[in-house]
Amino acid sequence: MNPLLRVTLLGVLLTAVLAIESPAELDPKSIDWSTVRTLQETSKFRAKFGLPPLSDDEIRSSRISGGTIATPTDIPWAAGVLIHGGTSGHSFCSGVLISARFVLTAANCVSGESTVTVALNAANMANIGYLISVSNILIHPNFSWLLGRDDLAILTLSRDAPIDNVTIRPVLMPRRSDAQKSFNDWMATTAGWGNTGNRDDEPIPTQFLQWAMDTVTSNLVCQLSYTWVRSTHICVSTDNGGPCNGDEGAPVTVREAGRIFLIGLHSFHYSGIRGCDRGRSAVNTRITEYLDWIEQNSDVVIQP
């Protein structure tokens, strides 16, 4: 991305966010958006491993791997999740629109946070359709970062998303009958604005929404790479490309008889010395395990 375009894009993004609900002391001119961080680069995340915070210069020098650029109508339920961390920096994750008022994302992204904004119709981050502030963040009560479990959060938008069923549309949820399916060997699509792995200094979010398609792997196979995987997880191969840093909370969908619906929300992936290496499955929160919780805490109605 052209540096001037990146600064302009992120400056416009922050200005719109500040107009909505950011603290008055934040001046957009004082923020260098080349230092927007992935979840793994935030001070809060690094502190869990006893690592020191990264400086802004280190962030600048460190920047869906192997994915395909999406058009504005390919993934109309994709949502960008911008987390405003005050003095500790700003970070970015992905999410999915499940109704005009609610967005799902990874609990790991928003746990302990209070100021979040959602970007919709943002397949091209240089031409964002809408920015909507979040009025409430609900973390799954059993969320465990340490165990990588129940990594799910519901964001309540401060106003209804302007659904046009073309560039902005809620994703279809699984039916209750889908809870009996393992989805093993189904083709699944993951979409987000995370690192592509094409350059070292890549900004987050990337300018273009990307998607990658690969097969769902059995949890038994997935446990060969991650021993703590359990029934509330669903894994997807990364042989053809897959999620990377910045894709946490990204939607994972499948198609059946022309119906595209949500089966997962990206939780974690393997990050090697070469970045998000291919070959190990990406681990996602299995949405069919949480249908009751989602229905009880949103306006979504799960079909039989």
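The protein exposes about 12,800 Å² (Shrake-Rupley method, 1.4 Å probe), and carbon and sulfur atoms supply 52% of that area. This is a predicted model, in which local features need pLDDT of at least 70, side-chain atom pairs count only at pLDDT 80 or more, and totals for chains, interfaces and linings use all residues. Residues are numbered from 1 along each chain as its sequence is written, and side-chain values use heavy atoms, with hydrogens and water left out.

Of the 304 residues, 54% are buried (under 20% relative accessible area, 1.4 Å probe, protein chains only). The chain forms 6 helices and 13 strands (DSSP runs: H or I of at least four residues for helices, E of at least two for strands).

In soluble globular proteins, nonpolar side chains tend to be buried together. Here the largest nonpolar core (buried Ala, Val, Leu, Ile, Met, Phe, Trp, Tyr and Cys residues joined through side-chain atoms within 4.5 Å) has 32 residues. Strand 2 (78-84) and strand 12 (259-268) are among the elements giving two or more residues to this core, while helix 6 gives the most, with 3 residues. Ile-98, one of the residues with the most contacts inside the core, touches Leu-104, Met-173 and Ile-294, among others beyond four places in sequence (contact: heavy atoms within 4.5 Å).

The structure also holds 2 disulfides (cysteine sulfur atoms within 2.5 Å). In one, Cys-93 and Cys-109 have sulfur atoms 2.1 Å apart. Cys-93 lies in strand 3 and Cys-109 in helix 4 (residues 107-110), so this pair ties together parts 16 residues apart in sequence. In the other, Cys-222 pairs with Cys-235, and both are buried.

Terms used. Buried means under 20% relative accessible area, exposed over 50%, partly exposed in between (1.4 Å probe, protein chains only).
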